[in-house]
Amino acid sequence: MRQFPLEMHHMAPGRVVEWRLRSTAGAQAPGPDGAADRRASFNQDKHFTVAEESRAADDPTASWIAVTFEVAGPLDEDALSLSLLAFVRRHEVLRCEFRRLAGELACAPIPSAELALDTVPVAEFDRTDELTGFLVERFKRSIDTLAWPLFTMGAVLREESATVYLAFDHIVCDGMSMPIVVQEVQSAYEALRRGEHLDPAPAPSYLDFAEEQRGRYLSIDADDERLGYWKEFMARGDGEFFPRFPLELGVRPGQMYSIVNEASPLLDAAEAEVFEKACLAVDGKPFMGVLAAVAVCLREAGGPGVYRGFMPVSERGRAGWANSVGWFVNTMPIEFDASPGRDFEQVMASARAGFGEMIDHIDVPFVRAWELLAPREFAARSWPYPVNFFSYIDMRKCPGAERHEDWRPTSHVWSAQANGACSWFQRDTDGLHMNSIYSDTPAARRTMDGFLEALRETVREIARHGSFRRPIALTPPRRPTPRTPLDVAAFARRG
């Protein structure tokens, strides 16, 4: 399973059907004094506020996270409908309507028994490009942070197979939720096809996580000692809360741009195995090796010797939310030495130490730290300038990974605008892959093309030799990475 633009998905055409969620009780009325409502998490509150302000300014900020997977054989539409309904009923956050109550963002869960799905024929397509274009536009139109439901569900039906898709607003899920979606819907579908009954027990709720989070951190102020790690990080960066992306992207302050959404392989399966061994040999992990390679590439391109960036970290592991859908992500700053002259083992040791220091201070939610320590930037609808951002997921360790070869799941992210660059790295059974979204400017295209080529060469050098053997030149490649329909199709099919 990997993440790449939906436009790159070589999905066979067919008949499109959607399952649309509705409440059989109609509009939900708040309980007395809001007793029936739950408080949103800090991530959700900020996300919803940006959507409100963007709508008021007639400058909508939109994004979605989607997942697709394959069902072999003729689709049993009734079984899939029941499995989708069971999935939504199981995860309370998917049944929530969001609204303002006395200034706070509240979640009003709809009782699971009051939910129903309607099967709606949508269209039929004879060509892959038309189908893909339709789904891209469908997700853009149907995902609205300010309107329930906050996701869409459907399938592309053919005589001997089907592709199921679900697209979500970020307010109800994160990237690690996507494997959970696939595993639950597929497992329920297969159980129903075998004539089994589904377990009606709900999953541990993200709303409980949000309530606990707000209870612990809503009352802290800027002098709280738990913000010490953030303050020290800011002090070493000229007082800035956000670590700047150190390369030229050609963006102007305060301006948003349309996006480039690209994905490319970095290592094949055999190379990724050798790369992992090289990392373990110097007492590091593969994600640390990729992070070290990123730091060195940025430095060689003119960035600083000390790497400073943001890194999303999952918060599922500290309680019982390993198989729950929700936005269980804290974004934390990380800093380590990648100065010239340091070899691979030394940079890895610095990255390992920097990561350990970050994890030791992961308790304060990112949005709360942002609000308290950078209130002027917090009032804006976007990050203030290009920010250095690194994300890594080993998809082989996700729920249902043992069935990914059969289900062929893929994940996709999209955003309407950007003023910088974000890169996500995924490891799966086919190797190591990179997906980047960045501002569509000539300078950003040149920079990101050069960065991709330099990074690919660097991780391959580590795999071959266990070290940074040759000077790394971050220059635009003579030829862009092949993106012909044949290459794209092969790349997507491996997902």
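Buried, in these legends, means under 20% relative accessible area. The model shown in every panel is predicted.

**Close-up A. R99 and D37 pair up out of sight, with both residues buried.** The closest N and O atoms of R99 and D37 are 3.0 Å apart, and the two form a salt bridge. R99 belongs to strand β5 (residues 96-101), while D37 sits in the loop between β2 (15-23) and β3 (38-39), so this pair ties together parts that are 62 residues apart in sequence. As a bit of background, side chains of opposite charge can pair when their charged atoms come close. For the wider count, the structure holds 44 salt bridges.

**Close-up B. R316 meets D174 in a salt bridge.** Here the closest N and O atoms come to 2.8 Å apart. Both ends of this pair are in loops: R316 in the one between β11 (306-314) and β12 (329-337), and D174 in the one between β9 (161-168) and α4 (177-193). The pair links distant parts of the chain, 142 residues apart. How accessible is R316? Its relative accessible area is 5%, so R316 is buried. D174 is buried too, with a relative accessible area of 2%.

**Close-up C. Within helix α13 (residues 442-465), R456 and E453 lie about one helical turn from each other.** That spacing arises because the two are three residues apart in the helix. They form a salt bridge, and the closest N and O atoms are 2.9 Å apart. Is R456 buried or exposed? R456 is buried, at a relative accessible area of 10%. E453, on the other hand, has 26% relative accessibility and counts as partly exposed. Elsewhere in the model, salt bridges that share partners join D45, E52, R100, E104 and R214 into one network.

**Close-up D. C96 and C107 are neighbours without a bond, as the structure holds zero disulfides.** What is the nearest cysteine sulfur to that of C96? It is the sulfur of C107, 4.7 Å away, and C96 is in no disulfide. Seen from the other side, the nearest cysteine sulfur to that of C107 is the one of C96, and C107 is in no disulfide either. A disulfide here needs the two sulfur atoms within 2.5 Å, which is why this pair does not make the cut. C96 has 0% relative accessibility, so it counts as buried. C107 is likewise buried, at 1% relative accessibility.

**Close-up E. Helix α8 (residues 286-300) packs against helix α9 (residues 344-359) at an angle of about 110°.** That angle makes α8 roughly perpendicular to α9. The helix axes are 9 Å apart, and α8 passes α9 in a right-handed crossing. Which residues make the contact? From α8 come F287, M288, G289, A292 and V296. From α9 come F344, V347, M348, A351, R352 and F355.

**Close-up F. H10 sits in the loop between β1 (2-3) and β2.** At 40% relative accessibility, H10 counts as partly exposed. The view also takes in A263, which is 253 residues from H10 along the chain. How far apart are the C-alpha atoms of H10 and A263? They are separated by 14 Å.

Terms used. Residues numbered from 1 in each chain as written. Predicted model: local features only at pLDDT ≥ 70, side-chain atom pairs only at ≥ 80, totals over all residues. Heavy atoms only, no water. Salt bridge = Lys/Arg side-chain N within 4 Å of Asp/Glu carboxyl O. Helix = DSSP H or I, 4+ residues; strand = E, 2+ residues; numbered from the N terminus. Buried < 20%, exposed > 50% of the residue type's maximum accessible area, 1.4 Å probe, protein only. Axes fitted to C-alpha atoms, helices over the stretch in contact; angles between N-to-C directions. Parallel < 35°, antiparallel > 145°, perpendicular 65-115°, else oblique. Left-handed = near helix turned anticlockwise from the far one by under 90°. Contact = heavy atoms within 4.5 Å.
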